[in-house]
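Thanks for sharing this one. Here are a few notes to read alongside the model, starting with the ligand and ending with the chain as a whole.

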Amino acid sequence: MLLRILSFLLSQFAGGLLGAWQAGLWGSLIGMSLALWLWLAWDVWRSARLLAWLRQPEMGDAPPLSGVWGEISARMRRVWRAERQQTTASEARLSEFLAALQASPNGVLLLDREGHIEWCNQTAAAHFALDVQRDLMQSIGNLLREPEFSHYYASADYEHELLLPGRDHSPSHPVMLSVRLHPYGEGRLLMLSREVTALQQAEAMRRDFIANVSHELRTPLTVLMGFVETMQTLALTESERHDYLALMAQQSQRMRNLVQDLLTLSQLEASPAPRFDQWQSVEQIVHQCAEEARALSALLYPEQKQQLQFPTAAQLAHAGEIAGHPHELHSALSNLLNNAVRYTPAMGHITCTWEPLPDGSARFSVRDSGAGIAPEHLARLTERFYRVDRARSRESGGTGLGLAIAKHALQRHGASLQVHSTLGQGSEFVVTFPAQRLRFEWSISGEIRPA
Ligand code: ADP
């Protein structure tokens, strides 16, 4: 500032001196006023340069100004630099924040006060078939036209989430979305969406399962109660009592089987994956299952016996070992064998084989000459409580859970279950155990040879 005053005074002094030298007192006054105008013009020119620099959209180098204008430009430049650094840092934070929202497995949509989409991540775009660029600043009400959503959006009551069908939803391929709006800022809304198809299906399965279990338990219980009431109210002969008690025992057994299968299922779901270092002899498992199948067959068909064929002792002696849970393996294989016995009529044929395959895996198969299964049932056989012939299943003590247990137990051991069947000719259930769960003794020649 001092410099500015000094420069002004100096210009006046120089103008006055020059004017006085040329034309005396009047000359000095004219010289001073001329010097004043010149000084002002020089000052305006310098301020105009500063203004022109400030008006630039991108601040480049400051004009080389001295004095007060130079100081103003230097200070402006410092303020601008600090602001630019702050803006860059804020932009970096914003883009990190948006990247985090982008990475979210949930759909995220930001709506302004009028319900226009300000931003949305790819998941939300996929959920609602939006175009991230084209649909920006479009009204959400125009893009999501489901009446449930319009009603939910207009209600301004966002305490609960809304279930909406996804864009690819169809009865055969359900896709369900859960949508919830969260108010924030001044009248803005954060919209979150997530796919809940699997959750919904699990919930529906849980409901079906409970309904099925209740139904399965209620039926024998109702029969039992009927017999109890009859025995309490009627005077029965000894033979009637005997018959009734036999029927009651049958119903109790049915309930016991069901409870037992339910326990097995829940154990399968709760227990850790079968270990790889717990080796079970194939011979022992198959032998035990064979004994049980023979006993069941003798019980069901005492007169006209079925023909049951199992791997010979010599074949089984070289069958090696399976890594896994003994009870689960036994339960899976015996279910297949018992089903073959139960669904094959008297004098029918059942053949069970164990066959090591060249790649180190092995096949266990059960083939029967029973009624067979129509193709439309095959895919659903391993569903819980799914039965092709309900009466036949009940008659032979079935619970509808046998194949579900077998499939679950086999899957836990990395084994696959395939069913081939021809209606009227019989069925074949094939289990393939993976090589990493089998142990064979290696022959000297390097060939795989059963232990
Ligand atoms: P269940 O206790 O009723 O036998 P499963 O889960 O073991 O239940 O089997 C499901 C259904 O599959 C059975 O009800 C039966 O209709 C059919 N099934 C299973 N094994 C055979 C088979 N070997 N031959 C014909 N049908 C079978």
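1. The ligand occupies the space of the largest pocket. A pocket here is an open set of points on a 1 Å grid over the protein atoms alone, with protein on both sides within 12 Å along at least five of seven lines; a molecule sits in it if more than half of its atoms lie within 2 Å of its grid points.

2. Two helices and a strand each give two or more residues to the shell around the ligand: H10 (326–342), H13 (402–412) and E12 (426–433). H10 provides the largest share, three residues. Helices (H or I, at least four residues) and strands (E, at least two) are DSSP runs, numbered from the N terminus.

3. Please bear in mind that this is a predicted model, where local features need pLDDT of at least 70 and side-chain atom pairs 80 or more, while totals for chains, interfaces and linings use all residues. Residues are numbered from 1 along each chain as its sequence is written, and side-chain values use heavy atoms, without hydrogens or water.

4. The shell has 20 residues, with Asn-339, Tyr-343, Ser-393, Gly-400 and Leu-403 the closest; near means a heavy atom within 4 Å.

5. Ligand oxygen atoms lie 2.5 Å from a side-chain N or O atom of Ser-393, 2.6 Å from a polar side-chain atom of Tyr-343 and 2.9 Å from a side-chain N or O atom of Arg-342. The protein buries 97% of the 530 Å² that the ligand exposes alone (Shrake-Rupley method, 1.4 Å probe).

6. Lastly, the protein chain has 13 helices and 15 strands.

Definitions and conventions
A polar contact is a pair of N or O atoms within 3.5 Å; within protein, one must be able to donate a hydrogen and the other to accept it, and residues adjacent in sequence count only if both atoms are side-chain atoms. On a 1 Å grid over the protein atoms alone, a cavity is a set of points where a 1.4 Å probe fits but cannot get out, and a pocket is an open set with protein on both sides within 12 Å along at least five of seven lines; lining residues have an atom within 4 Å of a point.
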